[in-house]
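Let's take a walk around the place where a ligand sits in a protein. Have the sequence and the 3D view open as you read.

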Amino acid sequence: LRASSHASMIKCVHFGNYQIDTWYAAPYPEEYSRNRNLYLCEFCLKYMNSEFVQWRHRLKCPHKNPPGDEIYREGTISIFEVDGRKQPAYCQNLCLLAKLFLGSKTLYYDVDQFLFYVMAEYNETGCHFVGYFSKEKRSTSSNNVSCILTLPIHQRKGYGHLLIDFSYLLTRTEGRLGSPEKPLSDLGLVSYRNYWKLTLCYLLRDIHGGTSVTAMCDETGMTPDDVISALENLHALIRDPITKTYAFRIDREMMQSIIDKWESKGYVKLNPRALVWVPFV
Ligand code: ACO
Ligand code: ZN
């Protein structure tokens with residue numbers, strides 16, 4: 001599907017009580033995309049043309065949280081698993097919303113083959129959308145994330161990291177290894193590099209005795225390529241020029257200082273025990 005040239009005219013999306021400047025065009029139907037402003041229901045993600053319609057919708061929309069099964073809850077954070085086949089309208093609306101912040105092409109209508117993991121934050125007014133990632137139901141590849149997004153109003157608060165961490169928790173629960181679908185956006189790449197680096201810092205800090213790339217993959221759910229790139233990032237992989245073999249150099253103090261710096265930010269941490277989930281079959 002081709003984004004119409006009018007699509008670039010949506011400059012601002014009114015989401016709940018927020019107004020969010022858009023980054024890219026999205027293929028909303030023309031009667032919506034020709035406007036400068038788009039109005040969304042923050043719960044069912046229905047898109048509307050005017051503040052008045054949005055206000056009227058708000059009075060009658062019965063939803064106060066994302067659809068699907070709540071498979072994770074810890075503190076005020078919940079994650080819902082939404083099946084694209086069972087909730088096509090919601091998932092199409094979600095893909096359109098995401099496209100406003102994603103440069104590369106994403107799917108919009110063929111949502112059947114995907115599961116959507118929607119993260120929301122609870123308060124007295126409802127369970128509010130923060131971000132999500134999509135995942136192919138039957139991935140023959142090792143992709144464990146198709147598209148990932150944190151709404152710009154919630155970015156740089158650790159939620160992207162939490163979503164990525166959650167995607168690997170699912171992958172480990174499936175007994176598999178996974179990696180995000182390529183190409184990654186610039187923001188995707190910095191976020192994943194940061195996640196991979198931290199994950200290996202935690203792992204290597206606590207390792208005593210021997211290890212291997214294979215063992216690190218099994219522990220983390222990361223693919224060998226991603227483990228190796230993270231090790232290189234940490235200067236933890238050294239190649240003996242004579243024997244041409246590799247060795248790990250584990251600088252525990254450096255790993256600990258990277259961890260301390262990250263933890264000092266006070267971001268919400270994933271609690272793997274709060275997952276209630278069986279893999280899709
Ligand atoms: N600039 C520099 N570093 C960043 C940035 C940034 N804009 N965003 C994330 N990072 C790095 C930082 O190290 C950051 O830690 P810090 O903020 O304490 O310095 C760390 O990643 C973790 O950041 P989070 O706050 O957890 O990430 P966020 O919630 O902002 O979400 C995401 C990251 C999902 C990539 C977000 O930027 C986004 O939605 N972007 C638009 C859509 C997109 O590009 N998605 C990825 C496409 S690729 C794919 O889908 C497979
Ligand atoms: Zn609604």
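A polar contact here is a pair of N or O atoms within 3.5 Å; for pairs within protein, one must be able to donate a hydrogen and the other to accept it, and residues adjacent in sequence count only if both atoms are side-chain atoms. This is a predicted model, where local features need pLDDT of at least 70, side-chain atom pairs count only at pLDDT 80 or more, and totals for chains, interfaces and linings use all residues. Residues are numbered from 1 along each chain as its sequence is written, chains are lettered from A and ligands numbered from 1 in the order in which they are written, and side-chain values use heavy atoms, leaving out hydrogens and water.

Here are three polar contacts made by oxygen atoms of ligand 1:

| Protein partner | Distance to an oxygen atom of ligand 1 |
|---|---|
| Lys157, polar backbone atom | 3.1 Å |
| Ser185, N or O atom in the side chain | 2.5 Å |
| Lys265, polar side-chain atom | 2.6 Å |

On its own, ligand 1 has 970 Å² of accessible area, and the protein covers 86% of that (Shrake-Rupley method, 1.4 Å probe).

Who else is around? The shell of ligand 1 has 27 residues, and Arg156, His161, Ser185, Lys265 and Tyr267 come nearest (being near takes a heavy atom within 4 Å). Strand E10 (148-150), helix H4 (159-173) and helix H5 (186-205) each supply at least two shell residues, and H5 gives the most, with five. Helices (H or I, at least four residues) and strands (E, at least two) are DSSP runs, numbered from the N terminus.
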